[in-house]
Amino acid sequence: MEISGWDIADVFAKAATYAATLAAAGAIFFLAYCSALLRDSQRIVIRRFVGILIGAAALLSVCRILLLSGSVSGEFAGMVDSRFARMILGAGEGRASGARIIGLMLALLALSPNPKLRGPAVLGGIIAATSFAWVGHVHALTPNVTPILLLCLHLLCAAFWLGALPPLWVIAAGGNEVQIAAAAARFGKLALRVVALLLAAGLSLLFMLIGGVAQLWSSDYGRLMSIKLLAVAVLLGLAAWNKLSLTPKMLGHQARATVLFRRSLAAEIGVGAFILTITAAFTTLTGPR
């Protein structure tokens with residue numbers, strides 16, 4: 001597997017785009033189902049965070065178009081060559097970026113405290129999060145309707161899970177044990193179903209793409225996917241520790257549990273970032289046989 005400087009730049013740009021978009025969508029979802037448990041100051045902080053993520057996701061989407069234009073041309077000058085940009089915009093990546101920008105614009109409504117705008121903002125988050133399904137290896141499958149729908153479901157579940165971690169950390173940094181535990185419990189109750197759907201959709205997609213488990217160690221795509229699966233297992237372990245051990249301890253007013261909860265969330269965010277980077281790597285550098 002030969003890797004160029006353009007490939008490396010695109011991997012990290014794609015991973016950052018994943019992170020900003022999914023985190024923004026997930027934080028919007030979090031505000032929708034956990035708003036009643038938040039203080040006004042916490043809502044303000046989370047809304048500002050959403051605004052920063054939306055701006056970053058939009059900027060990164062544009063940067064990726066420029067990087068892909070440069071990669072196609074093989075020269076830095078190609079990044080600003082309209083011919084290459086039009087070619088990229090006319091392909092799947094252009095459609096994905098366009099859908100993402102539309103979703104992000106609608107998601108900006110989450111910055112308003114008006115509860116009537118919550119629904120359109122959530123819709124914007126859904127559109128932005130699923131925009132990545134407009135391009136990718138699933139489009140090579142025939143028929144591809146079911147794989148694309150599974151990918152959309154997988155992306156929404158990932159946004160729900162990963163996007164809730166920063167807001168939970170905000171609560172854990174400034175709330176009391178009861179509030180933190182209540183928010184964690186509400187998230188955990190919903191997350192049980194969401195994680196089950198995420199795993200079911202992800203494993204179904206994996207089977208459709210590779211056809212057999214042998215590819216998990218016999219191809220570059222499979223080896224990178226195996227690393228991702230191991231990281232997901234670590235993430236599941238941290239989530240289980242939060243729900244089964246730390247949340248009950250916080251409800252019991254054990255101060256040490258709050259400190260451990262914050263550290264666990266930070267670890268989950270780190271592992272989540274690693275998973276998105278690995279995902280960007282195997283969707284950019286290689287593909288299933």
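Lys and Arg are counted here as positive and Asp and Glu as negative, with His and the chain ends left out. On this basis, the protein chain carries 23 positive and 10 negative charges, and the mean positions of the two sets are 15 Å apart. These values, like those that follow, come from a predicted model.

The secondary structure of the protein chain consists of 10 helices and zero strands. Read along the sequence, the pattern is accordingly α-α-α-α-α-α-α-α-α-α. The C-alpha trace spans about 60 × 45 × 35 Å along its principal axes. A compact globule of 289 residues would have a radius of gyration near 19 Å, and the protein chain agrees with this expectation because its own value is 19 Å. Of the 289 residues, 46% are buried. Among contacts between residues at least 6 apart in sequence, 75% join residues that are at least 24 apart. The accessible surface of the protein chain amounts to about 13,400 Å², and carbon and sulfur atoms account for 71% of that area.

A cis peptide bond is present between Thr 142 and Pro 143, with omega at about -10°. Pro 143 belongs to the loop that runs between helix 5, residues 118-129, and helix 6, residues 145-174.

Helix 7 covers residues 177-210 and bends by about 35° at Ala 191. Two residues of this helix, Ala 183 and Leu 197, were examined individually. Ala 183 has a relative accessibility of 0% and therefore counts as buried, the cut-off for that class being under 20%. When residues up to four places away in sequence are not counted, Ala 183 touches Cys 34, Leu 37, Leu 168 and Ile 171. One of these partners, Leu 37, lies 146 residues from Ala 183 along the chain, yet the C-alpha atoms of the two are separated by 6.5 Å.

Leu 197 has a relative accessible area of 42% and is therefore partly exposed, a class that lies between the 20% and 50% limits. With neighbours within four places in sequence set aside, Leu 197 is in contact with Leu 153 and Cys 157. Leu 197 and Ser 71 are 126 residues apart in sequence, and their C-alpha atoms are 36 Å apart in space.

Helix 7 is followed by Gly 211, whose phi is positive, near 80°. Gly 211 is placed in the loop between helix 7 and helix 8, the latter formed by residues 215-218. The relative accessibility of Gly 211 is 51%, so this residue counts as exposed, for which the cut-off is over 50%. From C-alpha to C-alpha, Gly 211 is 31 Å from Leu 89, and 122 residues separate the positions of these two in sequence.

Taken along helix 7 and into the loop after it, the residues examined thus include a buried Ala 183, a partly exposed Leu 197 and an exposed Gly 211.

Conventions:
Residues numbered from 1 in each chain as written. Predicted model: local features only at pLDDT ≥ 70, side-chain atom pairs only at ≥ 80, totals over all residues. Heavy atoms only, no water. Helix = DSSP H or I, 4+ residues; strand = E, 2+ residues; numbered from the N terminus. Rg over C-alpha atoms; globule rule 2.2 N^0.38 Å. Buried < 20%, exposed > 50% of the residue type's maximum accessible area, 1.4 Å probe, protein only. Contact = heavy atoms within 4.5 Å. Areas by Shrake-Rupley, 256 points an atom, 1.4 Å probe, with all protein chains shown as cover. Charge placed at Lys NZ, Arg CZ, Asp CG, Glu CD. Bend = angle between axes of the 7 residues up to and from the residue.
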